[in-house]
Amino acid sequence: MNKTSRIISQVRDEGRKLLLEPEAKAICLEYGIPVTEFKLAKNPEETVIFAEQIGFPVVLKIVSADIVHKSDAGGVVLDLKNEAEVLSAHHKIIENAKKYSPTAKVIGVLVQEMAPQSTEIIVGTIKDTQFGQTVMFGLGGIFVELLDDVAFRIAPIEREDAQEMITRVRAYPLLRGYRNTPPADIPAIVDVLLNASKLVMDYPDIKELDLNPIMTYEKGLKTVDARIILE
Ligand code: ADP
Ligand code: MG
């Protein structure tokens, strides 16, 4: 069995529907979707060791199947520059999680590289009751949330569909670069859309995939948060 099947069947065995961020990111990697380097720490000592291995600055995040929106729970701390900052952030995140949801089962703390700020995009899929697996694309933040500036295509999609989805959103000019912002790697975005489409075609029991956000660069891109929900 491949890694994705193994992860999904383990999640099923545990009676869960929400994949943890490290599980979702491991699946992304198997499908050729770049993600920030990450390691799951079980205690403060491990958090520090992993931070040093990954290299500063790092990001820490709470890992719990009971916490869907990590920042709402005070469960994300960015840009930690040294061991002392990492240690105190570790304790703070656990404390915040306990406050937010006293019954939440905390699996650990995800240590990851801090991806440089850039133009953020969102790639997602939803399983439409009528059309089945559908791929979504938009730019991060206000463009999707406030302006509803998104493109949808029914999966499976071809390279041409992916290209069209990208150029179709109104915010597209931002990806071509402006002022001090370099252009984004459009072929890399096309690949993410194609790979996301392939993933949900291979696993029809994926109800929702949410790569939000993905940082785009002149060369390549990096998914900083990945969520997968099963039916
Ligand atoms: P949530 O569960 O709240 O969506 P995220 O993992 O998306 O949590 O983190 C919240 C925000 O923090 C992201 O939208 C992104 O702007 C920033 N962020 C998260 N991880 C990283 C990272 N590895 N590098 C840089 N920024 C990050
Ligand atoms: Mg997120």
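Which pocket is the space taken by ligand 1? That space is the largest pocket. Before going further, a reminder that this is a predicted model. I will start with the ligand and then move out to the backbone and a few separate positions.

The elements that give two or more residues to the shell around ligand 1 are four strands: S2, residues 58-63; S3, residues 76-80; S4, residues 108-113; and S8, residues 206-216. Of these, S8 gives the most, with three residues.

How many residues lie around ligand 1? There are 20, and those that come nearest are Lys 61, Lys 70, Ser 71, Ala 115 and Asp 225. Sorted by class, the shell has nine nonpolar residues, six charged ones and five polar ones.

Now the polar contacts. Asp 225, already named among the nearest residues, places a polar side-chain atom 2.9 Å from an oxygen atom of the ligand. Two further contacts go to nitrogen on the ligand side. In Gln 112, an N or O atom of the side chain is 2.9 Å from a nitrogen atom of ligand 1. In Glu 113, it is a backbone N or O atom that lies 2.9 Å from a nitrogen atom of ligand 1. As for cover, ligand 1 has 540 Å² of accessible area on its own, and the protein covers 85% of that.

Next, the backbone. Where are the cis peptide bonds I want to show you? One runs from Phe 56 to Pro 57, with omega near -5°. Pro 57 is in the loop between helix H3, residues 44-54, and strand S2. S2 is one of the strands listed for the ligand shell. Another cis bond joins Asn 212 and Pro 213, and its omega is about 5°. Pro 213 is placed within strand S8, the element that gives the most to the shell around ligand 1.

Staying with the backbone, there are two residues with positive phi to point out. Asp 79 is not a glycine, yet its phi is positive, near 60°. Asp 79 belongs to strand S3, which is also on the list of elements around the ligand. Is Asp 79 buried, partly exposed or exposed? It counts as partly exposed, because its relative accessibility is 30%.

Arg 179 is the other one: its phi is about 40°, again positive in a residue that is not a glycine. Arg 179 sits in the loop between helix H7, residues 172-175, and helix H8, residues 186-202. Its relative accessibility is 86%, so Arg 179 counts as exposed.

That leaves a few positions in helices and one in a strand, each with a partner elsewhere in the sequence. Ile 27 is in helix H2, residues 21-30. Ile 27 has a relative accessibility of 1% and therefore counts as buried. Ile 27 and Asn 195 are 168 residues apart in sequence, with 11 Å between their C-alpha atoms.

Glu 52 is in helix H3, the helix that comes before the loop with Pro 57. Glu 52 has 46% relative accessibility and so counts as partly exposed. Its C-alpha atom is separated by 8.5 Å from that of Asn 82, which is 30 residues away along the chain.

Lys 198 is in helix H8. The relative accessible area of Lys 198 is 46%, so this residue is partly exposed. Between Lys 198 and Asp 185 there are 20 Å from C-alpha to C-alpha, at a separation of 13 residues in sequence.

Last, Lys 222, in strand S9, residues 221-223. Lys 222 is partly exposed, because its relative accessible area is 25% and the buried class is under 20%. Lys 222 and Asp 210 are twelve residues apart in sequence and 14 Å apart in space, again C-alpha to C-alpha.

To go back to the start: ligand 1 takes the space of the largest pocket, and the protein covers 85% of the area the ligand has on its own. That is what I have.

Notes: Residues are numbered from 1 along each chain as its sequence is written. Chains are lettered from A and ligands numbered from 1 in the order in which they are written. This is a predicted model: local features need pLDDT of at least 70, side-chain atom pairs count only at pLDDT 80 or more; totals for chains, interfaces and linings use all residues. Side-chain values use heavy atoms; hydrogens and water are left out. A residue is near a molecule or strand if one of its heavy atoms lies within 4 Å of it. A polar contact is a pair of N or O atoms within 3.5 Å; within protein, one must be able to donate a hydrogen and the other to accept it, and residues adjacent in sequence count only if both atoms are side-chain atoms. Accessible areas come from the Shrake-Rupley method with a 1.4 Å probe; for residues, only the protein chains shown count as cover. On a 1 Å grid over the protein atoms alone, a cavity is a set of points where a 1.4 Å probe fits but cannot get out, and a pocket is an open set with protein on both sides within 12 Å along at least five of seven lines; lining residues have an atom within 4 Å of a point. A molecule sits in a cavity or pocket if more than half of its atoms lie within 2 Å of its grid points. Ala, Val, Leu, Ile, Met, Phe, Trp, Tyr, Cys and Pro count as nonpolar, Asp, Glu, Lys and Arg as charged, and the others, Gly among them, as polar. Buried means under 20% relative accessible area, exposed over 50%, partly exposed in between (1.4 Å probe, protein chains only).
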